[in-house]
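Reader: Could you walk me through this structure with me asking as we go? I am in my first year, so please spell out the terms.

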Amino acid sequence: MTEKISEYIIIGAGLSGLTSAYYLSKSGITDFKILESRDRVGGRIVTRDGIDFGATWFQTHHEEVIALLDALGVEKHHQYNEGKSVLVYSTMAPEHYFENDPDTPSAYRMKGNSQALIHALAKPLSEKIKLNTNVVGIHETENGVKVETDKETFFAKKVIVTIPPLIATRISFSPELPPEVNETMKKTHTWMSNAIKVGLTFKTPFWRAKNFSGMVIGQVGAVTELYDHNDAENSHFALMGFVNEGLRDVSEENRKQRILNYLSKYLGAEVIDYLTYEEKDWSQDKHTSCETIKSIYMSPSYGNPVFAKSFMSGKLRFSGAETSPIHGGYMDGAIYSGINTVKKFLG
Ligand SMILES: Cc1cc2nc3c(=O)[nH]c(=O)nc-3n(C[C@H](O)[C@H](O)[C@H](O)COP(=O)(O)OP(=O)(O)OC[C@H]3O[C@@H](n4cnc5c(N)ncnc54)[C@H](O)[C@@H]3O)c2cc1C
């Protein structure tokens, strides 16, 4: 039996992979598959209970994000920042309060949260996306590439690898990638792969009623950054932020208690009356992170020129937020690289 050879295989159904697929479709190419190891699309973009546990914000200079949202009809709204914000700079000194400058616009969020973008991209592609499909090998063949997964083997003329470079070192490539590419992949920190996010939902936005913005900032506490995370319609009430990484290794119960105590201290005892409480430690997520992340310090440096080259006689190209020379690590970089990689293939 002759194997079916697709025109393209895209590895990873995160923002970059889905954008490449969107751009291929827009260019009239529909013969492609997207292979994704998780049981969901979106990668480092995930929304649960109305809370973004991955990417959330973008700004006016993130032109690729704004253009894609416009093209897909996903609306944006400003991050709420009215009222008093809290700055905790020492455990010994009292907290400080500050008001955000009304003339400096806050960052944007997506209406419907960041999943709105992922859903808009993935919806027309559902038949092409294979979830729970972990790619383990990419091998050049005479007329294309053979992509081995933990289940089936797939064939394509060309392949786009959108997995974070450090995670992609788990894949076996034949012929091997040049040593400088391997080295660069190993040294490319996966942006935010060590972040721990916390999200709480509430019956009422009690902090707004007390003229708090919901913003609590400080490196010395259990939560280093906290923000109002109500929806655009102000009908779903939530706070979301980043947990101090010093609490990674304490017990779940201990961490939760310290987070609740800390937030109650600065926003009020109403914090304890949350409806839902959830944390996400990205360092524990094997689809984004890997063991070396905790022990080796790697200064983020993205868009290394090696990722702009093609490999396997022009059949393989890399993409993804960390490969982007523009706004590397961010959603904007993921979109830029997703489009640019397809453009390079199309010539
Ligand atoms: C906590 C957190 C907060 C963030 N906040 C912001 C923010 O506010 N603003 C912003 O601009 N950016 C933010 N980011 C970064 C943003 O999420 C990323 O830039 C973007 O989502 C990356 O998209 P990507 O497609 O390049 O990579 P990913 O989303 O990592 O996609 C790669 C995909 O490949 C899949 N995969 C991995 N291994 C395999 C394999 N072997 N086989 C098949 N599939 C595989 C993964 O499951 C994943 O779906 C944040 C990230 C995190 C984690």
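Reader: What sort of phi does Gly268 take, just after α7?
Author: In this predicted model, Gly268 takes a positive phi of about 120°, and its place is just after α7. The names α and β refer to DSSP runs, where helices are H or I with at least four residues and strands are E with at least two, numbered from the N terminus. A positive phi is also found at Gly347, which follows α9 and has a value near 80°.

Reader: And how were the residues numbered, and what went into the values?
Author: Residues are numbered from 1 along each chain as its sequence is written, and side-chain values use heavy atoms, with hydrogens and water left out. Since you are looking at a predicted model, local features need pLDDT of at least 70 and side-chain atom pairs count only at pLDDT 80 or more, while totals for chains, interfaces and linings use all residues.

Reader: Why does the end-to-end distance of α7 agree with its 16 residues?
Author: Helix α7 covers residues 252-267, and at 1.5 Å a residue it should span 22 Å, which agrees with the 22 Å between its end C-alpha atoms. The expected span is 1.5 Å times one less than the number of residues.

Reader: Which residues of α7 are buried?
Author: They are Arg255, Ile259, Leu260, Tyr262, Leu263, Ser264, Tyr266 and Leu267. Buried means under 20% relative accessible area, exposed means over 50%, and partly exposed is in between, with a 1.4 Å probe and protein chains only.

Reader: Switching to α9, why is it called largely enclosed?
Author: Helix α9 is largely enclosed by the rest of the structure because 12 of its 16 residues are buried. Its buried residues pack against β1 (5-11), α1, α2, β8, β12 (153-161) and β20 (316-318), where contact means heavy atoms within 4.5 Å.

Reader: Is Asp332 in α9 buried or exposed?
Author: Asp332, which lies in helix α9, counts as buried because its relative accessibility is 2%. Leaving aside neighbours within four places in sequence, Asp332 is in contact with His61, His62, Glu63, Glu64, Val65, Ile326 and His327. The side chain of Asp332 also reaches the backbone nitrogen of Glu63 at 3.5 Å.

Reader: Now the ligand: which residues come nearest?
Author: Of the 36 residues around the ligand, Glu36, Arg44, Trp57, Ala321 and Gly329 come nearest, and a residue is near if one of its heavy atoms lies within 4 Å. Both α1 (15-26) and α9 (331-346) supply at least two residues of this shell.

Reader: Which polar atoms face the ligand's oxygen and nitrogen atoms?
Author: An N or O atom in the side chain of Glu36 is 2.6 Å from an oxygen atom of the ligand, and a polar backbone atom of Arg44 is 2.8 Å from an oxygen atom of the ligand. A polar side-chain atom of Asn134 lies 2.9 Å from a nitrogen atom of the ligand. The protein covers 97% of the 1000 Å² of accessible area that the ligand has on its own, with areas taken from the Shrake-Rupley method and a 1.4 Å probe.

Reader: Last one, what does the side chain of Ser283 join to?
Author: The side chain of Ser283 has a polar contact of 2.8 Å with that of Asp281 and another, at 3.2 Å, with the side chain of Gln284. A polar contact is a pair of N or O atoms within 3.5 Å; within protein, one must be able to donate a hydrogen and the other to accept it, and residues adjacent in sequence count only if both atoms are side-chain atoms.
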